[in-house]
Every structure is written in structure tokens, then in C-alpha cells.
Amino acid sequence: METVLSGMRPTGKLHLGNYLGAGINYVKMQEKYNCFYFIADYHALTTHTKASELNSSISNVLAEYLAIGVDPEKATIYIQSHVPQIPELYLILNMFAYKGELEKCTTFKEKARKEGQTLNAGLLTYPVLMAADILIHKANKVPVGEDQKPHIEMARNFAQRFNHYYETEVFPMPDATNEGENLIRVPSLQGTGKMSKSDAGDSAIYLIDDKDTIIKKVKRAKTDAGPTSPNQTKPQEIENLFYLMKLVSSAETLSHFEEAYNNCSIRYGDFKMQLGEDMNQYIAPIREKYQSLINDRAYLLKVVNEGGEKARAHAQKTIDEVRNIVGLNSMNI
Ligand code: AMP
């Protein structure tokens, strides 16, 4: 059976982008594969999150995983920092990651532009830690959003280099996946860019937003003055709203508004109201399940304790092999 691995950073609440880009596949894939889903708390440290915030974000993401339908009976759910084999593999893989390629990574370049000389080394080596997350379980498939594609490519490079240098096939090549479809990028409500946890305010719909909040955010989404000629091309911000509607509404609703846009009779007020209602309906079961779980500390702890144990045992097998391959097995001296 193939192995699946993926994780999310506990840097705030999860939004529709996290869910539709990756989380929805966590649930589908647990039926068919050996799945490992983790909460990427070490990754969150690169942005210097406050300890108390990090703590509460970890339990949020955990409860959100369970609320979207990740089942601890079917998948292994754990916290990254509970598995010391990951940072050990990260250290070893750092020897196979070139400074030049890390500096060329788009996400790093963006951050470097903003932060300059004070940019921490953890951000530079972020793709190496991500490679360790994947390779420690010898994962074949990694369900992620489109933004993560370059990082998976880098994980393949490090794995290939390691395999080649030691003349081994210890690491399989991981593939980014959206279960047979192209990887997706859920747009922000602000008209440009992707929906993101770091964007303040109204650009993201969180899985635990209440109905009023959702409708308020959708109402504030950027629109234009409306179409003036039949079948005209939609500007980006309108295209984005239609894309969101495609993701959460029925095919009939979507084609009704497509038609209205194409014959210039669309009223954005109605369109947005429908989108807000449908988004609310879409996430209401997740929100309700989250609310029933978030205060059940004993259960949350049980899930990550048991998941951690399984993840450590599985990871240890890889680390033992890797130590042997690189000559770090002290039993041989
Ligand atoms: P992060 O919050 O950066 O840890 O991302 C967790 C997962 O959500 C990753 O697989 C991302 O690719 C995915 N993701 C985050 N934002 C979006 C988005 N706007 N559209 C699609 N996928 C996303």
C-alpha cells in the first residue's frame, strides 16, 4: 500500500484554501492509503510565533483535522515536534541541499525581499525540513495546494541526490497530488493572490467562521461595475468569485450566475449573497464538529499521543536505515 503524507502549519485557523487545496484529499486518501497527517509546529517557528499562540493554534488545527473528517482510526495524526527522527533526517538532508538552490526558491526570495539581512536560516532551509517530513515516512503521495509544488520538487531532488550518492533506493520519489486533478490555488476574496492565513481581515474564509462573518466577508469582496457586453471576459476579481462558487455551490447555481453574467443581467448583490450562503452551508458541518471537539482536551491529547507513538515507530525504521547507509551506525565501529 502506498504511503501518503501531508501537514499544515499551526499559524492560525485553517481556511477554505487549506481545506479545498489539501484537507479534502486527506479525508479521501485515508480510505485507500497508509496516511500520515501532521501539524507542522517546527515550520511555524520560522515566523517567531508566540508560545501561547502556537499552543492554541496546534489544538485548533488538530480539532480542525478531526472536524473535516480525518479519522485517527484510519490515518496517523501527529505533531511534528513529537517525532525527533524528523529533525535528525533534516540535519542529514541538509548535506544534500545546495545553498544556491535554496536561495532561488520563490517563497524564500519573497521573504528575503521583505526581511533582508534579518531573515532566519530556518526559512532558507524550510524545504529541507519539508523533505524530511516526507521522506521520513517514505511517502509516495503528498496532497498539497499548488503553492507547494516547488517544495515537493526540491524534496525529490534531495532524495535523488541522497540515493545517487549512497547508491541506494532508500527514498521513493514523492509526488504532489490532488487526487488525479491539477493542484489548485484557492483565490483570496480581495481579487489578487491566494487565500492565505497571513492576510489580515476579509480575504480568507475560515472553516470556523460563523454565517454572519462569512456573508460580511463575501459582501466586501472586490467586484467591478458589472459586464457591459454579452460574454465578455471576466476581470480577475470576478473570475475568482466564480471559481469559489464552482468549489462550494451546485452546478445549477453556478450556471445560473454564469448565464446572468454572460447576458449582463447579473446583480452582484444576489451573486454574493448566494455565494455566502453556499459557503456557509458548505462549512457548517465542519464548524459544528469543531465546536464539539475543541474543548475535549482529553480526546485531542489521546489522538496525538497515539498518533505520535505510531509516527515515531514508523520514522525510526527509516532513520535506522539512513544511519546505516551514511555510516552513522555506532554498532559497526
Ligand atoms: P500552510 O497553511 O501553508 O501550512 O498550508 C497547508 C496546506 O494548505 C498546503 O498543502 C497548502 O498548499 C494548502 N494551501 C494553503 N493555502 C492555499 C490556497 N489558497 N489554495 C490552495 N491550497 C492552499
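Domain 1 and domain 2 bury about 1000 Å² between them, and 71% of that sits on carbon and sulfur atoms. Buried area here is the accessible area (1.4 Å probe) that two parts lose on being put together, summed over both. On the domain 1 side, Leu16, Leu20 and Ala67 lose the most area to domain 2, together 43% of what that side buries.

A quick word on provenance: this is a predicted model, where local features need pLDDT of at least 70 and side-chain atom pairs count only at pLDDT 80 or more, while totals for chains, interfaces and linings use all residues. Residues are numbered from 1 along each chain as its sequence is written, and side-chain values use heavy atoms, with hydrogens and water left out.

So who is touching whom? The domain bounds come from an automatic or database domain assignment, and contact means heavy atoms within 4.5 Å. Here is the split:

| Domain | Residues | In contact with the other domain |
|---|---|---|
| Domain 1 | 3-185 + 297-332 | 13 residues |
| Domain 2 | 208-291 | 10 residues |

The centres of the two domains, taken over C-alpha atoms, are 33 Å apart. Between them there are 0 salt bridges (side-chain nitrogen of Lys or Arg within 4 Å of a carboxyl oxygen of Asp or Glu). Polar contacts come to 2 residue pairs, both at pLDDT 80 or more; such a contact is a pair of N or O atoms within 3.5 Å, where within protein one must be able to donate a hydrogen and the other to accept it, and residues adjacent in sequence count only if both atoms are side-chain atoms.

Helices H1 (16-29) and H3 (51-68) are the elements that give two or more residues to the domain 1 side of this contact. H3 gives the most, with 6 residues. Helices (H or I, at least four residues) and strands (E, at least two) are DSSP runs, numbered from the N terminus.

Zooming out, the protein chain has 14 helices and 5 strands. Its C-alpha atoms fill a box of roughly 80 × 45 × 40 Å along the principal axes.

Salt bridges do turn up in the whole structure, 14 of them. One pairs the side chains of Glu103 and Lys99 at 3.4 Å, N to O. Both residues lie in helix H5 (residues 99-104), 4 residues apart, about one turn of the helix.
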